[in-house]
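Got your viewer open and a selection tool at hand? Let's take a walk through this one, stop by stop.

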Amino acid sequence: MMDSRWAYFIHLMAWAGPFILLQAVVLRVYFRERAGAIFRAALVPAFVVGLYLSIADHLAIAEGIWGFGEGKHLGIYLGAVPLEELLFFVLTSVMVALGLTLFLALLSRREARVP
């Protein structure tokens, strides 16, 4: 399976999925009814950054600066960017945005409890 066109997608989901799930659980445990609003707030900058990086990647691929091994991705492209590469940028940005959001929110909760 890892030598197939699903290889990049499988590795991506195995790498990002558990961490994003962990972040979502922490979000839900600590922020209960506010979890959805916090999650949505973190997604907006994540998608903006993911889109920006995908555009930069498209330009680099189009200029021949780098490419991707044939048969290692699904073959679905947005411009010159394979779908998995776009997902990589978006998922990485989601992890960073959620991580920063959780860190700042938990820090503010902690500071609010300090006498």
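Where is Val96 found? Select Val96 and you land in helix 3, which covers residues 83-113. Helices here are DSSP runs (H or I, at least four residues; strands are E, at least two), numbered from the N terminus. Before going on, note that this is a predicted model, in which local features need pLDDT of at least 70 and side-chain atom pairs count only at pLDDT 80 or more, while totals for chains, interfaces and linings use all residues. Residues are numbered from 1 along each chain as its sequence is written, and side-chain values use heavy atoms, with hydrogens and water left out.

Back to Val96: its relative accessible area is 54%, so Val96 is exposed. The words to know are buried (under 20% relative accessible area), exposed (over 50%) and partly exposed (in between), with a 1.4 Å probe and protein chains only. Now add Pro45 to the selection: Val96 and Pro45 are 51 residues apart along the chain, with their C-alpha atoms separated by 9.9 Å.

Stay in helix 3 and pick Glu85. Is Glu85 buried or exposed? With a relative accessible area of 9%, Glu85 is buried. Leaving out residues up to four places away in sequence, Glu85 touches Tyr8, Asp57 and Phe68; contact means heavy atoms within 4.5 Å. Show Ser54 as well: its C-alpha atom is 7.6 Å from that of Glu85, although their positions lie 31 residues apart along the chain.

Next, select residues 35-62, which make up helix 2. The expected span of a helix is 1.5 Å times one less than its number of residues. For the 28 residues of helix 2 that gives 40 Å, and its end C-alpha atoms are 40 Å apart, which agrees. Colour the buried residues of helix 2, among them Ala42, Leu43, Ala46, Gly50 and Ser54. An α-helix has 3.6 residues a turn, so residues three or four places apart point the same way. Just past the helix, click Gly64, whose phi is positive, near 80°.

Now bring in helix 1, residues 7-31. How do helix 1 and helix 2 pack? They meet at an angle of about 135°, with their axes 9 Å apart; axes are lines fitted to C-alpha atoms, for helices over the stretch in contact, and angles run from 0 to 180 degrees between N-to-C directions. That makes helix 1 oblique to helix 2 (under 35 degrees is roughly parallel, over 145 roughly antiparallel, 65 to 115 roughly perpendicular, the rest oblique). Show Leu27, Arg28 and Phe31 from helix 1 with Ala35, Ile38 and Phe39 from helix 2 to see the contact.

Zoom in on Ile38, which sits in helix 2 and counts as buried at 10% relative accessibility. Beyond residues up to four places away in sequence, Ile38 touches Leu27, Phe31 and Thr101.

Last stop: the aromatic rings. Rings of Phe, Tyr and Trp (its six-membered ring) pair if their centres lie within 6.5 Å; planes under 30 degrees apart are stacked, over 60 edge-to-face and the rest tilted. How many aromatic pairs does the structure hold? There are 3. Trp6 and Phe9 form an edge-to-face pair, with ring centres 5.9 Å apart and planes at 75°. Trp6 is partly exposed at 36%, and Phe9 is partly exposed at 24%. Finish by selecting Trp15, Phe88 and Phe89, which ring pairs link into a cluster.
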